[in-house]
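Work through the exercises below with the sequence and the model side by side. Try each task before reading its solution.

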Amino acid sequence: MDCLFCKIIAGEIPSTKVYEDEYCYAFKDINPIAPIHWLFIPKTHISGASAVTAENADVVGRIFTAIAKVTAEAGITSGFRVITNCGEDAGQTVPHLHFHVLAGQPMGWSAESGV
Ligand code: AMP
Ligand code: ZN
């Protein structure tokens with residue numbers, strides 16, 4: 001499949017791995033917008049949050065379980081943010097479901113800025 005993140009999972013495109021299990025893969029974002037900026041993705045191809053269904057939703061819980069574990073192991077105690085962009089208005093650029101994990105600085109909040 002011609003999908004950037006499927007190719008990263010397959011090892012065809014290099015990435016800096018943060019975590020991996022049977023269901024998900026996590027790696028450093030190539031263009032970080034916070035001191036810590038990781039991407040957590042399902043190993044199965046799901047195009048985005050709008051394509052989550054009762055049949056494939058289990059992996060979303062697996063990913064959040066992994067996020068809780070990895071942030072705790074990294075010693076992130078002052079908080080983190082999880083974002084998924086879905087579709088054009090949200091600025092989704094890679095059509096494979098992914099959760100940005102941002103941490104390492106205080107973050108404001110607006111529809112325009114993730115940080
Ligand atoms: P989004 O804009 O929400 O679809 O997020 C896509 C993210 O993927 C962006 O933050 C990019 O910086 C990141 N990205 C794109 N290509 C790569 C890559 N080869 N390795 C790591 N992160 C990437
Ligand atoms: Zn994919």
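**Exercise 1.** Which exposed residues does the face of H2 turned away from its buried side carry?

*Solution.* Conventions come first. The model is predicted: local features need pLDDT of at least 70, side-chain atom pairs count only at pLDDT 80 or more, and totals for chains, interfaces and linings use all residues. Residues are numbered from 1 along each chain as its sequence is written, chains are lettered from A and ligands numbered from 1 in the order in which they are written, and side-chain values use heavy atoms, with hydrogens and water left out.

Helices (H or I, at least four residues) and strands (E, at least two) are DSSP runs, numbered from the N terminus. Buried means under 20% relative accessible area, exposed over 50%, and partly exposed in between (1.4 Å probe, protein chains only).

Step 1: list the buried residues of H2. They are Val59, Val60, Ile63, Ala66, Ile67, Val70 and Thr71. Step 2: check their directions. These residues cover an arc of only 120° around the axis, so they lie on the same side of H2. The arc is taken from the directions from the helix axis to the C-beta atoms. Step 3: turn to the other face. There sit the exposed residues Thr65, Ala72 and Glu73.

**Exercise 2.** Compare the expected span of H2 with the distance between its end C-alpha atoms.

*Solution.* Helix H2 covers residues 58-73, 16 residues in all. The expected span is 1.5 Å times one less than the number of residues. For H2 that gives 22 Å; the end C-alpha atoms are 23 Å apart, which agrees. After H2 comes Gly75, with a positive phi near 75°.

**Exercise 3.** Find which strands help cover the buried residues of H2, then describe S4.

*Solution.* Contact means heavy atoms within 4.5 Å. The cover includes strands S1 (17-20), S2, S3 (36-42), S4 (80-83) and S5 (99-103). In a regular strand the side chains alternate between the two faces of the sheet. In S4, Arg81 and Ile83 form the covered face, Phe80 and Val82 the uncovered one. Two strands pair if DSSP finds at least two bridges between them. S4 and S5 pair in the antiparallel sense over 4 bridges. Val82 stands opposite Val101 in S5.

**Exercise 4.** Count the aromatic pairs and describe the one between Phe5 and Phe27.

*Solution.* Rings of Phe, Tyr and Trp (its six-membered ring) pair if their centres lie within 6.5 Å; planes under 30 degrees apart count as stacked, over 60 as edge-to-face and the rest as tilted. The count is 3 aromatic pairs. Phe5 and Phe27 are edge-to-face, at 5.4 Å centre to centre and 80° between the planes. This pair links distant parts of the chain: Phe5 is in helix H1 (residues 4-9) and Phe27 in strand S2 (residues 24-28), 22 residues apart. Both Phe5 and Phe27 are buried. Ring pairs join Phe5, Tyr25 and Phe27 into a cluster.

**Exercise 5.** How many disulfides are there, and where do the cysteines sit?

*Solution.* A disulfide is a pair of cysteine sulfur atoms within 2.5 Å. The count is 0. Cys86 is in no disulfide: the nearest cysteine sulfur, that of Cys3, is 14 Å away. Cys86 is partly exposed, at 31% relative accessibility.

Cys3 lies in the segment before H1. Its relative accessible area is 4%, so Cys3 is buried. Leaving aside residues up to four places away in sequence, Cys3 touches His45 and His96.

Cys24 lies in strand S2. Cys24 counts as buried because its relative accessibility is 0%.
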